[in-house]
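Open the model in a viewer and keep the selection tool at hand. The stops below follow one another, each giving something to select and what is found there.

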Amino acid sequence: VMEVRRIAPQLSGFIGTSFLQRFHLLFDWEGQVLRLVPRPPRPRDADDASDPPPWADARAAMSALPFLLLDDHLIVAPARLNDHVTMAYVASGMAGTAFTAPLTTAAQAGLAAAGRLEGVGVGGSAALESVTASALCLGGWCRADMEGLVGFFPEELEWRYGFRIGALVGQEFLLGQRWLLDFDRMTMYLD
C-alpha cells in the first residue's frame, strides 16, 4: 500500500474491486454517479435468475461481455485494438488515457505513433510513446480513434497468469457511458 496523500492530497484512498464485488453496481459516467445496491447473501448453487440486479431490464439494450476476476480483484476481458484481439485488464481508475499496451501489442495491432513524452509514476520516470488505435473494443462496444500509451504497461503483468494479457483499458474509454458489472454472472454490460 502506498501513501496516497503524498502524491494526491485531495484523495483519502481508493475503492477497489474486492469491495465493489459486494454490490450490484452501475458506473454511470454520463450522470457522474456510482450506484451501489447490496447483493443479498446466497448459496453458490442458487439460480442466477432468482436474484436479478435492480437494473436487470437495462441490460437487454447493452453490449454484454464475460470477464474474469484474477487475484479476486483484477477484471480481465477480451478486447480488440484495431484488428488485434487480446485479453485486457479493465481499470476504471487509470485516468488520462483510453488504454496502455506493451510494445508487442503495439506492433501486432499496428498502432499509429503520435509522439513521445516523458511520464512519471510511482516507479519513477519513463519514456512513453503516444499511440492511436483506430478502433478499441470491449466485446461489441467500440470507440474510434482512441489515444493510448506504450511504455506504461508493466512488463511483469503481460504473462503473469500463464496467458498473455496485451492491454489495459482505462477510464477514457469508459467516459460518457454506462457500465454495469454483474459479479453473479461474471458479465459486464456497456452502452
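Strands here are DSSP runs of E with at least two residues, numbered from the N terminus. The model is a predicted one.

**Stop 1: strand β2 and a surface patch**

Select Leu 34, which sits in strand β2. Is Leu 34 buried or exposed, or something in between? Its relative accessible area is 39%, so Leu 34 is partly exposed; the band called partly exposed lies between 20% and 50%. Add Ile 15, Phe 19 and Leu 36 to the selection: with Leu 34 they make a nonpolar surface patch of about 350 Å².

**Stop 2: the five-stranded sheet**

Show the strands as a cartoon. An open sheet of five strands appears in the order β2-β1-β12-β13-β3, with antiparallel pairing. Which strands stand at the edges? They are β2 (33-38) and β3 (63-66); each has a single partner strand, so one side of each has no neighbour in the sheet. On average, neighbouring strands of this sheet are turned by 15° against each other, direction ignored.

**Stop 3: strand β1**

Select residues 23-28, which are strand β1. Toward β2, the strand is joined by six bridges in the antiparallel sense, and Leu 26 faces Arg 35 across that pairing. Toward β12 (residues 178-182), the pairing is again antiparallel, over four bridges, and here the bridge partner of Leu 26 is Leu 180.

Now show the side chains of β1. In a regular strand they alternate between the two faces of the sheet. On one side of β1 are Phe 23, Leu 25 and Phe 27, on the other His 24, Leu 26 and Asp 28, and all of these are buried. Six of the six residues of β1 are thus buried.

Move to the connection with β2. The two strands form a hairpin with four residues between them, and Gln 32 in the turn has a positive phi of about 55°.

**Stop 4: two more hairpins**

Most residues other than glycine have a negative phi. Two further turns are worth a look on that account.

Select Asp 71, in the loop between β4 (68-70) and β5 (74-81). Asp 71 is not a glycine, yet its phi is positive, about 55°. β4 and β5 make a hairpin with three residues between them, and Asp 71 is in the turn. Three bridges join these antiparallel strands, and Leu 69 stands opposite Ile 75.

Go on to Asn 82, in the loop between β5 and β6 (84-90). Asn 82 also has a positive phi of about 55°. This hairpin has two residues between its strands, and β5 and β6 pair antiparallel over six bridges. Pro 78 stands opposite Met 87 in β6.

Which of these two turn residues is buried? Asn 82 counts as buried at 10% relative accessibility, whereas Asp 71 is partly exposed at 42%.

**Stop 5: salt bridges**

The count of salt bridges comes to five. Side chains of opposite charge can pair when their charged atoms come close.

Select Arg 59 and Asp 182. They form a salt bridge with the closest N and O atoms 2.9 Å apart. The pair links distant parts of the chain: Arg 59 is in helix α3 (residues 56-59) and Asp 182 in strand β12, 123 residues apart. Both ends are covered: Arg 59 is buried with a relative accessible area of 14%, and Asp 182 counts as buried at 3%.

Add Arg 185, whose side chain meets that of Asp 182 in a salt bridge (3.1 Å, N to O). Arg 59, Asp 182 and Arg 185 are therefore linked in a network, by the rule of a nitrogen within 4 Å of a carboxyl oxygen. Arg 185 counts as partly exposed at 26%.

Then select Arg 178 and Asp 191, another salt bridge, with closest N and O atoms 2.9 Å apart. Arg 178 lies in β12 and Asp 191 in the segment after β13 (187-190), so the pair ties together parts 13 residues apart in sequence. Arg 178 is partly exposed at 25%, as is Asp 191 at 27%.

**Stop 6: the nonpolar cores**

Finish inside. The largest nonpolar core has 35 residues, and those with the most contacts inside it are Phe 99, Leu 138, Phe 173, Trp 179, Leu 181 and Met 188. A second, separate core has eight residues, among them Val 76, Tyr 89, Met 94 and Phe 153.

Key: Residues are numbered from 1 along each chain as its sequence is written. This is a predicted model: local features need pLDDT of at least 70, side-chain atom pairs count only at pLDDT 80 or more; totals for chains, interfaces and linings use all residues. Side-chain values use heavy atoms; hydrogens and water are left out. A nonpolar core is a set of buried Ala, Val, Leu, Ile, Met, Phe, Trp, Tyr and Cys residues joined through side-chain atoms within 4.5 Å. Buried means under 20% relative accessible area, exposed over 50%, partly exposed in between (1.4 Å probe, protein chains only). Two strands pair if DSSP finds at least two bridges between them. Axes are lines fitted to C-alpha atoms, for helices over the stretch in contact, and angles run from 0 to 180 degrees between N-to-C directions. Patches are made of residues with over 30% relative accessible area and no salt bridge: like charges are joined within 9 Å, nonpolar side chains (Val, Leu, Ile, Met, Phe, Trp, Tyr) within 5 Å. Accessible areas come from the Shrake-Rupley method with a 1.4 Å probe; for residues, only the protein chains shown count as cover.
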